[in-house]
Amino acid sequence: MSDPLMAEAARSDEPGRRLDAWKEIAAYLKRDVTTVRRWERREGLPVHRHRHDKLGSVYAFTKEIDDWCRQRGEPVSPSTEPPPPLGGSSAGARAPTWPRWMLAGGVLAAIAAWLIIGADVAPPDATADAAPMSLAIPAPADGGVASLAISPDGRRLAYASGRAGDVDRLWIRRLDSTVAEPLAGTAGASYPFWSPDGQRLGFFADGRLKTIAIDTREIADLADAPVPRGGTWSARGMILFGPDRGRPLSQVPASGGLVTQATAIDDRYRAGHAWPEFLPDGHRFLFLDYDPRRDRHGIYVGDLDSAETRRLVAAYSSASYSTSGDLIYVARELVAQHLDLETLTMTGPLRTLAIHVAVRESDDHKAEFSMSRTGVLALRAPESSRRRVVWLDRRGRQTGAIGDAAGYSSPTISPDGRSILLSRFDSDDGPMYPWRLDVATGTGTRLTAGAGLEVSPIWSRRGDRIVFGAIGNGHVRFLEASPLPGAIAEGLCDLAPLATAENWTPDGQTLLLTALRPTTKADVLLWSRSTRALTPWLATPANEVQARVSPDGRSVAYASDESGRYEIYVRGFAGSAGTWRVSDTGGADPRWHPDGRTLYYIRPDGTIVEVALRTAAALERHVGTPLFDIGTDGLWAEARNHYDVARDGRIVTLRPVADSRQTPFTLMVNWRVGSK
């Protein structure tokens, strides 16, 4: 059957024919066994193994092989070998094929064209002699970038971006164009990922996993994902995704259907799984287990056909696999190391690809890079961790700044208005600790001497004590201390990771906390000073976070995703009854004015909204007043204390030294050649 057309006709007649052994598979593809083994290992050729036999005992189905050929950027005939993976060559590999304009003008002309006019950026097939190349693509001038994904063929970049005063939506930019195209129907989108054929995008919006067809804009709604943690799409038509914080991965057919659990987690620690990526075979996958225990966290390999997992690297980072055979992840720098897919072992030296890559630690260590099947690497530099504490008026105009810029987060104003309490860190791998700024002088003071992570400090109602969480040994220990340097801290209670102290009741006897729990997601818990016991106050199948007791102690404002997206609710407390939804189009991070008559929150587009609650009846007919864009990033629904409100109505918040969302993209080809 030497005629390719006859071979194709035969395959059409026998779509389910089984090929036994490597020799039969190689003969069907008209390639040698070495090449076919490489395709299975690096390119995801669908080859099955008998569970009761050794690894060399394999079989394949002709229909699956034909589908695999069609799903690679362009249809591939069995008589035409695909180009070798970027960064190397193999026995029998054909000579590299360069675009004609590159051959005519040489590599220097190609770089010039890339940088100046972006005329054609189809990535060349790399060889051992090819020079590494990179180029910077500016971020959109009128909106920042939240996340990115390079297409499988390396020719298109998808990202989430929103103009000022608008929510993020998906955009696609062809790399041979300077214009990005928005995708209608993707408002509120995050974490895009491509289908293997590049014809659809997966994304998350409105608390759901969705897909969109690039050509027709048809949107499919697939699964619940209230706090998404990334997705990946296999050539076998399965989507694997992280639906929520502190949860295992789930899987669902890309065409829709039953959602099932794909991994398992240790309920005692509630660490979750995130940022999955399929390996070429379409059933094994990479994922991050952000377990706080040092001997457990890291990048793992899982298998849809097995409950077993295996740790590859002890790193807090999302990861990708390159068809060059490398695992790409962040270990302070963006690095690569060879991953043997047969033995699942890391071999060879650790090579640096880029020094500066953004990693969102508070976003469960999402690293901002993406790898195409053709070896094009897209990445973004890290955001500046240095922020300045500033005052804003009701129009969003800056009226003053406090102290110098530093690695600040979570500002809260003291009850007397004289100090700002924050978390501060001075380096990516250094400790985090409570820090107090004097409003009048800008003088800063470190309040503890710990060497670990001491996060999200809050004031007592009288301002004479602070509470913060110390993370370590697989749990969070909540400590109380005087807001003075070197004060002795007293332990209050311990909780599993992903727990936060929110605030105190007016009498100082009850502390509100939020924590992830095994069966009811994030709940609001109460800790009693008198009994030193924890009890659940608000525990539903939805996530309830960011609980804030009103100054009179009669109500609690909080954010919940019970409607499918985060909204702001006010619920009666301490004898009061009733629950009201205050926001209409999404909201998070509620804050009470000190007089208790006004509530503030942040909309998904970053706008602060002011809601006047002069009487209890006002909750029934609330009318919010949008104030200004506070400039938060995509974490607005998952972090806390982006701002606080002073008694005179001014708002204190943080302003980065540089707008991290405006950091340009960097594209790299032949990176494996230039890595060290």
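For the class counts below I take Ala, Val, Leu, Ile, Met, Phe, Trp, Tyr, Cys and Pro as nonpolar, Asp, Glu, Lys and Arg as charged, and the others, Gly among them, as polar. The model is predicted, so I keep local features only at pLDDT of at least 70 and side-chain atom pairs only at pLDDT 80 or more, while totals for chains, interfaces and linings use all residues. Residues are numbered from 1 along each chain as its sequence is written, and side-chain values use heavy atoms, without hydrogens and water.

Pocket entry. I looked up the second largest pocket (an open set of points on a 1 Å grid over the protein atoms alone, where a 1.4 Å probe fits, with protein on both sides within 12 Å along at least five of seven lines; lining residues have an atom within 4 Å of a point). Its lining has 50 residues, with W194, T232, W233, E277 and F278 nearest the centre, and divides into 23 nonpolar, 17 polar and 10 charged residues.

Backbone entry. I noted that S410, not a glycine, has a positive phi of about 55°; S410 is buried (under 20% relative accessible area, 1.4 Å probe, protein chains only), at 10%. K521, also not a glycine, has a positive phi of about 60° and counts as buried at 18% relative accessibility.

Core entry. I then turned to the largest nonpolar core (buried Ala, Val, Leu, Ile, Met, Phe, Trp, Tyr and Cys residues joined through side-chain atoms within 4.5 Å), where, of 17 residues, I568, V570, V582, L599, Y601 and V611 touch the most other members. A second, separate core of 16 residues includes F193, V252, A274 and W275.

Terms used
Buried means under 20% relative accessible area, exposed over 50%, partly exposed in between (1.4 Å probe, protein chains only).
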